[in-house]
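Work through the exercises below with the sequence and the model open. Try each task before reading its solution.

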Amino acid sequence: MLRAFFVFAFIFFAGEVLAKECGEVLIITFDAELYAPESESTIEKRAFSKLYISKSDFEKNVDSSFGSGDGSLYDGHNTRALIKYKGEDYYVDRFGFVRGKERFGFLNTKVFESSLTESCK
């Protein structure tokens, strides 16, 4: 009986760990001065760093109105980060405006950068 409990607990907790989706972040720090801005099409090749962020941490960083904005403040020609999850890409411009497909929002760039890790945990 005790063995069955441990097997169940192992499967449950292993499933929780595996379910935590981690995204790859290709980033040019938000406070870096550039000679020319990067666009959505060049950020992947020219990013300074490749880091990671969990999906839950990313979602906590994006404002609650994500998806309801019209995107008029987002500047795809001044891109600083590309966050890649399975089948989903998000772009963040220099000022923290976010685009995911046709959804738009905003994040605090300092909080976002502090949430990044060097490995997928």
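**Exercise 1. A pair of strands**

Which residue in S2 is the bridge partner of valine 25?

Solution. The model is predicted. Start with the two strands. S1 and S2 pair over six bridges, in the antiparallel sense. Now go to valine 25. Its bridge partner in S2 is leucine 51.

**Exercise 2. The whole sheet**

State the strand order of the open sheet, then find its edges.

Solution. Step one: write down the order. The sheet has six strands, arranged S2-S1-S3-S4-S5-S6, and the pairing is antiparallel. Step two: look at the edges. Strand S2 (49-54) and S6 stand there, and each has a single partner strand, so one side of each lacks a neighbour in the sheet. Step three: add the twist. On average, neighbouring strands of this sheet are turned by 25 degrees against each other, direction ignored.

**Exercise 3. The hairpin**

How many residues lie between S5 and S6 in their hairpin, and which turn residue has a positive phi?

Solution. First, the pairing. Strands S5 (residues 97-100) and S6 (residues 103-106) run antiparallel and are joined by four bridges. Take one of these residues as a check: arginine 99 has phenylalanine 104 as its bridge partner in S6. Next, the turn. Two residues separate the strands of the hairpin. Lysine 101 sits in the turn, with a positive phi of about 50 degrees.

**Exercise 4. The disulfide**

Find the cysteines that the disulfide joins, and say which parts of the chain the pair ties together.

Solution. The structure holds one disulfide. The bond joins cysteine 22 to cysteine 120, with an S to S distance of 2.4 Å. Cysteine 22 belongs to strand S1, while cysteine 120 is in the segment after helix H4 (109-114), so the pair ties together parts 98 residues apart in sequence. Finish with exposure. Cysteine 120 has a relative accessible area of 46%, so this residue is partly exposed.

**Exercise 5. A loop serine**

Is serine 39 buried or exposed? Describe its surroundings too.

Solution. Locate the residue. Serine 39 lies in the loop between strand S1 (22-27) and helix H2 (43-46). Apply the cut-off: buried means under 20% relative accessible area. Serine 39 has 17%, so this residue is buried. Now list the contacts. With neighbours within four places in sequence left aside, serine 39 is in contact with Gly76, His77 and Thr79. Last, the side chain. The side chain of serine 39 makes a polar contact with that of serine 41, at 3.0 Å.

Note on methods: Residues numbered from 1 in each chain as written. Predicted model: local features only at pLDDT ≥ 70, side-chain atom pairs only at ≥ 80, totals over all residues. Heavy atoms only, no water. Buried < 20%, exposed > 50% of the residue type's maximum accessible area, 1.4 Å probe, protein only. Polar contact = N/O pair within 3.5 Å; in protein donor to acceptor, adjacent residues only side chain to side chain. Contact = heavy atoms within 4.5 Å. Disulfide = S-S within 2.5 Å. Pairing = 2+ DSSP bridges. Axes fitted to C-alpha atoms, helices over the stretch in contact; angles between N-to-C directions.
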